[in-house]
Amino acid sequence: MGQIALEGMEFFAFHGFYDEEQKIGNKYGVDLYIQTDLHAAAASDNLDETVNYEKLYKLVLHEMGSPARLLEHLGHRIIEGVYQEFPFVQQVKVSVSKFNPPLGGICHKAKVTLERTKE
């Protein structure tokens, strides 16, 4: 097993519980960690035997472009998308952050982390 990670992805998107948040938008961060068998790709140097980072990024970009009320829902959609695109992946962990959330005080970011292991 090995890990593939895309860390520090940033997006401007239109998510939030309140309608106003979905209109004005905000900056979001996503960190994605994939656990899978990397031995075949390591031996062959063949992209088809591993998770393509570009496809992974585009999957996250697509989900960030579809508004959601909750960060939990965004994380869930990203995990589902990873398993659909790469069915051989064993585990997915994703953290979704909203920068400067509207809480009425100082808070750099609100973050939700979800993790799922294939059964």
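The largest nonpolar core of this predicted model brings together 27 residues. Within this core, L32, I34, I78 and V82 have the most contacts. Several elements contribute: strands β1 (2-13), β2 (26-36) and β3 (91-99), along with helices α3 (53-64) and α4 (71-85), each supply at least two of its residues. The biggest share comes from α4, which gives 6 residues.

A good place to start looking around is I78. Setting aside neighbours within four places in sequence, I78 is in contact with V30, L32, L59, V60, E63, V94 and V96. Two of these contact partners, V30 and V96, also face one another as bridge partners, with V96 lying in β3.

The strands themselves are joined through β2. On one side, β1 and β2 run antiparallel and are connected by 10 bridges. β2 also pairs with β3, again in the antiparallel sense, over 8 bridges. Of the 11 residues of β2, 8 are buried, so this strand is largely enclosed by the rest of the structure.

Aromatic side chains add further detail, with 4 aromatic pairs in the structure. One of them is formed by F11 and Y57, whose rings are stacked at 5.7 Å centre to centre, with 25° between the planes. This pair links distant parts of the chain, since F11 belongs to strand β1 and Y57 to helix α3, 46 residues apart. The two partners differ in their surroundings: F11 is buried, at 7% relative accessible area, while Y57 is partly exposed, at 34%.

Another aromatic pair consists of F12 and F14, and here the arrangement is edge-to-face, with the centres 5.6 Å apart and 85° between the planes. F12 counts as exposed because its relative accessible area is 55%, above the 50% cut-off. F14, by comparison, is partly exposed, with a relative accessibility of 35%.

From F12 the eye can travel across to the next strand, where K27 of β2 stands opposite F12. K27 also lies over the face of F99, at 5.1 Å from the ring centre. A second lysine is placed in a similar way: the charged end of K93 sits over the ring of Y33, 6.0 Å from its centre.

Notes: Residues numbered from 1 in each chain as written. Predicted model: local features only at pLDDT ≥ 70, side-chain atom pairs only at ≥ 80, totals over all residues. Heavy atoms only, no water. Core = buried A, V, L, I, M, F, W, Y, C linked by side-chain atoms within 4.5 Å. Buried < 20%, exposed > 50% of the residue type's maximum accessible area, 1.4 Å probe, protein only. Helix = DSSP H or I, 4+ residues; strand = E, 2+ residues; numbered from the N terminus. Contact = heavy atoms within 4.5 Å. Phe/Tyr/Trp six-rings, centres within 6.5 Å; stacked < 30°, edge-to-face > 60°. Lys NZ or Arg CZ within 6 Å of the ring centre and 35° of its normal. Pairing = 2+ DSSP bridges.
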